[in-house]
Number of protein chains: 2
Amino acid sequence: MALYGGIEAGGTKIVCAVGSGPDDMRAEVRFPTTRPEDTLDKAIAFFQEQSRSAEISAIGIATFGPADVNPSSPTFGFITSTPKPGWANADFVGPVQQALGVPVGFDTDVNGAALGEYRWGAAQGLDTFLYLTIGTGVGGGGMLGGKLMHGLVHPEMGHMRLPRDRHRDSFAGICPYHGDCLEGLTCGPALQAHWGVAAEKLPPDHPAWELEADYLALALHNLVCILSPQRIILGGGVAQQPILLPLVRQKLQTLLNGYVQHPAIIDDIDTYVVAPGLGNHAGVLGAIALAEMATRNTE
Amino acid sequence: MALYGGIEAGGTKIVCAVGSGPDDMRAEVRFPTTRPEDTLDKAIAFFQEQSRSAEISAIGIATFGPADVNPSSPTFGFITSTPKPGWANADFVGPVQQALGVPVGFDTDVNGAALGEYRWGAAQGLDTFLYLTIGTGVGGGGMLGGKLMHGLVHPEMGHMRLPRDRHRDSFAGICPYHGDCLEGLTCGPALQAHWGVAAEKLPPDHPAWELEADYLALALHNLVCILSPQRIILGGGVAQQPILLPLVRQKLQTLLNGYVQHPAIIDDIDTYVVAPGLGNHAGVLGAIALAEMATRNTE
C-alpha cells in the first residue's frame with residue numbers, strides 16, 4: 001500500500017503526517033507556523049526522516065490562503081496576498097518538491113478537508129457537496145460534479161453577505177473588508193468580540209448560539225439555492241458546540257420553507273447537514289488525500 | 001455539418017428551432033405553452049416537418065423548472081413540482097424521444113443558455129462561469145470546472161437571501177416562499193408590484209434602478225465569494241435596461257472592497273460582468289447546444 005505525506009498548513013500551526021488513510025497513520029508532528037523558510041525546512045526534515053523507513057509516494061499540502069491553486073498558473077503552489085510575515089508571494093510547493101522529489105498536491109485547507117471527507121468520511125459516494133469550517137475564520141470548499149471547487153481564484157465563502165435584523169443584533173462584525181459578512185459575524189473571534197467571552201466558554205443556553213445558528217442557517221440557505229449540494233459538512237472549532245448543528249438544521253428547513261422539494265432536505269435533514277466524519281483529523285487526512293490525488297494526476 | 005433541433009421551453013411560450021449554430025439557424029416557430037400533450041405535439045410536428053428536408057441528429061430541451069435533470073434518475077426528463085396546469089410530473093423528454101428517435105438533451109433554461117454562451121457567446125474558452133437571468137423570474141446556471149451545474153437537484157439562485165436596509169426600502173418582496181429573496185425583490189413582476197409600473201416602462205433615472213443594482217450587486221458579491229467564477233453573464237429582460245450593468249459592476253467592486261485580488265475584478269470589471277453574447281437568442285441556441293452535447297454523450 002502506497003504511503004503519502006500530508007501537510008495541513010494553518011495560520012498558526014502546521015501538522016505533518018505520514019500514512020495511507022485514517023486507519024494507517026504512522027507518524028505525525030506539529031509545530032508553529034513561523035517564516036516560510038524555517039517552516040518548510042522543518043516539514044521537509046520530517047518527511048526525509050520518515051522516508052528512511054518507507055518510501056513516500058507523494059506529498060499533499062492543504063493550506064491557509066489565499067493561495068494560487070491553479071496548476072496552469074506560473075505561480076501555482078504559492079501563497080498570495082496574506083498579511084502573515086514572509087508568506088506573501090511565498091513558494092510553498094517548489095521547495096517541497098525540490099527537496100523530496102515526489103509529486104506535490106496543493107489546495108486550500110477546506111478543499112483538502114472536503115477531499116478527505118470524500119475519500120474516507122461523510123461525503124463518500126457523493127459528487128457535489130460542501131465542506132464549511134467555522135473556526136478562527138470561516139471558509140468553504142467542496143466538490144462539484146466530482147471536481148474540487150476552483151475558479152477565477154478559489155471560493156471565499158466566509159465573505160458572503162447575509163440579511164440581518166439590526167434591531168435584534170447591532171454588532172458591527174469584525175471582517176476588516178466587509179464588517180458583518182458571514183465570517184465577520186460567526187467566526188470564533190467574532191463571538192469573542194461580540195460577547196466578551198471565548199466561543200468555547202459560551203454556555204449552551206447563551207443567546208449567542210441562537211443568533212449564530214440563525215446566521216449559519218442563512219448561509220446554508222444561500223449555499224443550497226446557489227449550488228444544490230447533496231450534503232453540507234460543518235467543521236471547525238465553533239461548530240463543535242453540540243447544540244449548534246440541530247439548531248442550524250431546523251432553521252435551514254424553516255428558511256427554505258419547502259421550496260426545494262427533495263427528501264434529503266424535507267425528510268432527512270439530519271443526514272444532509274452533518275459533522276465531519278473524520279472529526280479533528282479532517283485537515284491532515286485531507287492533505288494525505290491531496291497527495292494520493294497528485295499521484296493519480298501524474299500517472 | 002450536423003443539424004440539431006432546439007426547444008426553449010418557458011412558462012408562457014415555447015420556441016423551437018433547427019440549425020447548427022448562430023450563423024446557421026434554418027427554421028424557427030413559437031407558440032404558447034399550453035398543456036403538455038398539445039405543446040409537445042406541436043413541437044414534434046415541427047421537427048418531423050423539418051426533418052423531411054434535412055436529417056436532425058439530436059434534440060435539446062432547455063426548460064423552465066423545477067425539472068429532473070439527473071440522467072440516472074427514473075424521472076429524468078420530467079418537469080417536477082410546477083403549479084403550471086398539467087405540467088407537474090409531466091414527462092418532457094420521453095414523448096420527444098419516442099416520436100423523433102434521436103438523442104434528447106435536457107437541462108434548465110439557464111444551464112442551456114450558459115452552454116450556448118460557452119459554445120458561441122460570452123463564455124468561450126472559460127470553464128467556470130455563471131449565467132444569471134433577471135426577467136419574469138430570477139434564475140442562474142453555469143459551468144463549474146467544465147461541467148454544467150447540477151447537484152441534489154439544480155440551482156435555484158433566485159432564492160438566495162440578501163441584506164437589506166428596511167428604512168430605505170420596506171417593500172416586502174413577492175416570492176410566495178421567501179418574500180424578499182433575490183427573485184422576490186428584483187424580477188420584473190417584483191418591480192411592477194413595488195413601483196406600480198412595468199419594468200420596461202421605468203425610466204433610466206427612476207430610483208428603482210439604483211435599488212435594483214444594489215440588490216443585484218449583493219447577489220453577485222455572494223456568487224463571487226461562493227463560486228469564484230471567471231465571468232458572470234447577466235441576461236433576461238430586466239437586465240436589458242442599459243444603465244443597470246454599469247451600476248452593478250461599480251457596486252460589486254465597492255462591495256468586494258479589494259478582497260478578491262484578481263485583475264479580472266480589480267481592473268477589468270467591464271469584461272467580468274457582461275451581457276449575453278448571443279443576446280435574445282441565448283435561449284434557443286442553448287437548446288441547440290444541449291442537442292449537440294447529447295450527440296457527444298451517446299457517441
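**Exercise 1. Is G121(B) buried or exposed, and which residues does G121(B) touch?**

Solution. Let's start with the accessibility: G121(B) comes out at 14% relative accessibility. The cut-off for buried is under 20%, so G121(B) counts as buried. Bear in mind that this is a predicted model.

Next, find the spot in the fold. G121(B) sits in the loop between α3 and β6 (129–134) of chain B.

Now list the partners. Skipping residues up to four places away in sequence, G121(B) touches G116(B), G277(B) and L278(B).

Last, try a distance. G121(B) and W209(B) are 88 residues apart in sequence, and their C-alpha atoms are 26 Å apart in space.

**Exercise 2. Work out how α3(B) and α10(B) pack against each other**.

Solution. Two packed helices are described by the angle between their axes and the distance between the axes. Here the helices are α3 (residues 109–120) of chain B and α10(B), with an angle of about 80 degrees and axes 7 Å apart.

Put a word to the angle. Anything from 65 to 115 degrees counts as roughly perpendicular, so α3(B) and α10(B) are roughly perpendicular to each other.

Then look at who meets whom. From α3(B) come G112(B), A113(B), L115(B), G116(B), E117(B), R119(B) and W120(B). Facing them in α10(B) are A282(B), L285(B), G286(B), I288(B), A289(B), L290(B), E292(B) and M293(B).

Sort that contact by residue type and you get nine nonpolar, three polar and three charged.

**Exercise 3. Stay on α10(B) and describe the surroundings of T295(B)**.

Solution. T295(B) belongs to helix α10 (residues 282–297) of chain B. Its relative accessible area is 18%, and T295(B) is therefore buried.

Leave out the neighbours within four places in sequence, and the contacts of T295(B) are Y4(B) and A58(B).

For a long-range check, take V104(B): this residue is 191 residues away from T295(B) along the chain, yet the two C-alpha atoms are separated by 8.2 Å.

**Exercise 4. Do the same packing analysis for α6(B) and α7(B)**.

Solution. The axes of α6 (residues 207–227) and α7 (residues 244–256), both of chain B, come within 8 Å and cross at roughly 50 degrees. That angle makes α6(B) oblique to α7(B). As for handedness, the crossing of α6(B) and α7(B) is right-handed.

Among the α6(B) residues in this contact are W209(B), L216(B), L220(B), V224(B) and C225(B). On the α7(B) side, the residues include L244(B), V248(B), K251(B) and L255(B). The tally for the contact of α6(B) with α7(B) is 14 nonpolar, one polar and four charged.

**Exercise 5. Which residues have the most contacts inside the largest nonpolar core?**

Solution. In soluble globular proteins, nonpolar side chains tend to be buried together. The largest nonpolar core here has 102 residues, and L227(A) and L227(B) have the most contacts inside it.

Zoom in on L227(B). Leaving aside neighbours within four places in sequence, its chain A contacts are L144(A), M149(A), H150(A), I226(A) and L227(A). From chain B, L227(B) contacts T128(B), L130(B), L144(B) and M149(B).

There's also a second, separate core of 29 residues, which includes I7(A), A9(A), A27(A) and V102(A).

**Exercise 6. Which residues of α2(A) are buried, and what do they pack against?**

Solution. In α2 (residues 93–100) of chain A, the buried residues are V93(A), G94(A), V96(A) and L100(A). They pack against α1 (36–50), β4 (58–63) and β5 (104–108) of chain A.

Check what comes after the helix, too: G101(A) follows α2(A) and has a positive phi, near 65 degrees.

**Exercise 7. Track down the backbone oddities in the loops.**

Solution. Begin with the peptide bonds. The bond from G65(A) to P66(A) is cis, with omega near 0 degrees, and P66(A) lies in the loop between β4 and α2 of chain A. The bond from G65(B) to P66(B) is cis as well, with omega near 0 degrees. P66(B) is found in the loop between β4 (58–63) and α2 (93–100) of chain B.

Now the phi angles. N257(A) isn't a glycine, but has a positive phi of about 60 degrees. N257(A) is in the loop between α7 (244–256) and α8 (263–266) of chain A, and at 41% relative accessibility counts as partly exposed.

N257(B) also has a positive phi of about 60 degrees without being a glycine. Its loop runs between α7 and α8 (263–266) of chain B. With a relative accessible area of 40%, N257(B) is partly exposed.

Terms used:
Residues numbered from 1 in each chain as written. Chains lettered and ligands numbered in written order. Predicted model: local features only at pLDDT ≥ 70, side-chain atom pairs only at ≥ 80, totals over all residues. Heavy atoms only, no water. Axes fitted to C-alpha atoms, helices over the stretch in contact; angles between N-to-C directions. Helix = DSSP H or I, 4+ residues; strand = E, 2+ residues; numbered from the N terminus. Parallel < 35°, antiparallel > 145°, perpendicular 65-115°, else oblique. Left-handed = near helix turned anticlockwise from the far one by under 90°. Contact = heavy atoms within 4.5 Å. Nonpolar A, V, L, I, M, F, W, Y, C, P; charged D, E, K, R; others polar. Core = buried A, V, L, I, M, F, W, Y, C linked by side-chain atoms within 4.5 Å. Buried < 20%, exposed > 50% of the residue type's maximum accessible area, 1.4 Å probe, protein only.
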